[in-house]
Amino acid sequence: MESHTPKIEIEGKIKADEPFEVKISVGPHPNTIQHSIRKIDVYFYEDGKAFNPIYLASIILTPVYTEPEISLKLKVSKSGTLYVLEYCNLHGIWEGRKGIRVE
Ligand SMILES: [Fe+2]
């Protein structure tokens with residue numbers, strides 16, 4: 001079964017200003033020249049910030065050779081929400097989100 005919504009996984013607790021790892025993946029999804037995940041963008045909506053979101057990262061993926069699975073190390077000082085957008089060349093943009101709670 002084909003899936004587009006980005007999955008966002010974080011292990012353990014998040015502490016203010018301490019790096020933590022986020023794993024982002026899409027799928028199962030075809031990875032062919034004709035049909036693949038081409039791009040992943042990551043943003044953070046910080047609670048209480050006047051202007052959101054904060055742009056964090058992008059990755060451009062080449063069909064066949066690269067799978068839509070990435071790891072990032074992030075560091076935040078406040079809680080908020082991670083937003084991940086992924087682009088499939090046939091099915092458009094899909095959004096995943098995950099709350100980040102700073103302990
Ligand atoms: Fe697709």
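**Figure 1. P53 lies in the loop between strand 3 and strand 4 (54-60).** The model shown in this and the following views is predicted. The peptide bond that joins N52 and P53 is cis, and its omega is about 0°. Most peptide bonds are trans, and the bond in this view departs from that rule.

**Figure 2. A cis peptide bond joins G27 and P28.** The omega of this bond is about 5°. P28 belongs to the loop between strand 2 (20-25) and strand 3 (37-46). The loop between strand 2 and strand 3 also holds V26, which is the subject of the next view.

**Figure 3. V26 is a buried loop residue.** V26 is placed in the loop between strand 2 and strand 3. It counts as buried because 24 C-beta neighbours lie inside 10 Å, and the cut-off is 20 or more. When neighbours within four places in sequence are left aside, the contacts of V26 are H4, P6, I37, P68 and E86. From C-alpha to C-alpha, V26 and E9 are 12 Å apart in space, and 17 residues separate them in sequence.

**Figure 4. D17, a residue other than glycine, has a positive phi.** The phi of D17 is near 60°. D17 is located in the loop between strand 1 (7-10) and strand 2. Is D17 buried or exposed? D17 is exposed, because 9 other C-beta atoms lie within 10 Å and the cut-off for this class is 12 or fewer.

**Figure 5. V64 also has a positive phi, although it is not a glycine.** The value for V64 is about 75°. Most residues other than glycine have a negative phi. V64 is part of the loop between strand 4 and strand 5 (69-74). V64 counts as exposed because it has 10 C-beta neighbours inside 10 Å, against a cut-off of 12 or fewer.

**Figure 6. Strands 1, 2 and 5 form an open sheet.** The order of the three strands is 1-2-5, and the pairing is antiparallel. Strand 1 and strand 5 are the edge strands, each pairing on one side only. From one strand to the next, the twist averages 25°. Strand 1 is joined to strand 2 by four bridges, while strand 2 and strand 5 pair over six bridges. Which residue stands opposite I10 in strand 2? The residue is V22. V22 in turn stands opposite L72 in strand 5. In a regular strand the side chains alternate between the two faces of the sheet.

**Figure 7. The largest nonpolar core has eight residues.** The members of this core are V22, I24, I40, V42, V76, L82, V84 and I100. Which elements give two or more residues to this core? They are strand 2, strand 3 and strand 6 (80-88). V22 thus appears in two views, as a member of this core and as the residue opposite L72 in the sheet.

**Figure 8. V84 is shown with its contacts.** With neighbours within four places in sequence left aside, V84 is in contact with P6, I8, I24, I40, V42 and G96. The core that contains V84 also includes I24, I40 and V42. P6 is a contact of V84 and also of V26, the buried loop residue of Figure 3.

**Figure 9. The whole protein sets the context for the close-up views.** The secondary structure comes to seven strands and zero helices, so that the elements run β-β-β-β-β-β-β from the N terminus on. The C-alpha trace spans about 45 × 25 × 20 Å along its principal axes. The radius of gyration is 14 Å, which agrees with the value near 13 Å of a compact globule with 103 residues. Of the 103 residues, 17% are buried. Among contacts between residues at least 6 apart in sequence, 62% join residues at least 24 apart.

Methods:
Residues are numbered from 1 along each chain as its sequence is written. This is a predicted model: local features need pLDDT of at least 70, side-chain atom pairs count only at pLDDT 80 or more; totals for chains, interfaces and linings use all residues. A nonpolar core is a set of buried Ala, Val, Leu, Ile, Met, Phe, Trp, Tyr and Cys residues joined through C-beta atoms within 7 Å. Two residues are in contact if their C-beta atoms, placed from the backbone, lie within 7 Å. Two strands pair if DSSP finds at least two bridges between them. Axes are lines fitted to C-alpha atoms, for helices over the stretch in contact, and angles run from 0 to 180 degrees between N-to-C directions. The radius of gyration is taken over C-alpha atoms; the globule rule is 2.2 Å times the number of residues to the power 0.38.
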